[in-house]
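Thanks for making time this morning. I would like to walk you through one structure, so please bring up the sequence and the model together.

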Amino acid sequence: MEVFQLTTIVDASGHLHLDIPTQLAPGQVVNIVVVLNPVASDKTQKSDYDFSDLAGKLVWEGDALTMQKALRDEW
């Protein structure tokens, strides 16, 4: 068994091409395990949606713990 660790690039179509030279004899290879560990992008993903105008504030007066216990007792 041989373990390879390398960095490569996925092309624009989403395909990963591996060209790995080995010392293996020609013939069938029984198991190949590929573990993909994507590199985190330096760019932060921007949300496509802006919900800032929809956000509001819930005004509720009461004891949250008491209300939670009451809801649990109903079940």
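Which residues form a nonpolar patch on the surface? The patch consists of Phe4, Leu6, Val10, Leu16, Leu18, Ile20, Leu24, Val29, Ile32, Val34 and Leu36, and together these residues have about 1,000 Å² of accessible area. Before going further, I should say that this is a predicted model, and that the values I quote are computed from it.

As for the protein overall, there are one helix and zero strands, and buried residues make up 0% of its 75 residues. The accessible surface of the protein comes to about 8,600 Å², and 55% of that surface belongs to carbon and sulfur atoms.

Let me take one member of the patch, Leu18, which is placed in the segment before helix H1, the helix that covers 64–74. Leu18 counts as partly exposed because its relative accessibility is 44%, and the partly exposed class lies between the buried limit of 20% and the exposed limit of 50%.

Leu18 also appears among the contacts of Thr8, which touches Leu16, His17 and Leu18 once residues up to four places away in sequence are set aside. Of these three contacts, Leu16 and Leu18 are also listed in the nonpolar patch. Thr8 itself lies in the segment before H1, and, with a relative accessibility of 39%, Thr8 is therefore classed as partly exposed.

Finally, consider Asp19, which is likewise found in the segment before H1. Is Asp19 buried or exposed? Asp19 counts as exposed, because its relative accessibility is 74%, and exposed means over 50%. Asp19 and Thr8 are eleven residues apart along the chain, and their C-alpha atoms are separated by 9.9 Å.

Definitions and conventions
Residues are numbered from 1 along each chain as its sequence is written. This is a predicted model: local features need pLDDT of at least 70, side-chain atom pairs count only at pLDDT 80 or more; totals for chains, interfaces and linings use all residues. Side-chain values use heavy atoms; hydrogens and water are left out. Patches are made of residues with over 30% relative accessible area and no salt bridge: like charges are joined within 9 Å, nonpolar side chains (Val, Leu, Ile, Met, Phe, Trp, Tyr) within 5 Å. Accessible areas come from the Shrake-Rupley method with a 1.4 Å probe; for residues, only the protein chains shown count as cover. A salt bridge is a side-chain nitrogen of Lys or Arg within 4 Å of a carboxyl oxygen of Asp or Glu. Helices (H or I, at least four residues) and strands (E, at least two) are DSSP runs, numbered from the N terminus. Buried means under 20% relative accessible area, exposed over 50%, partly exposed in between (1.4 Å probe, protein chains only). Contact means heavy atoms within 4.5 Å.
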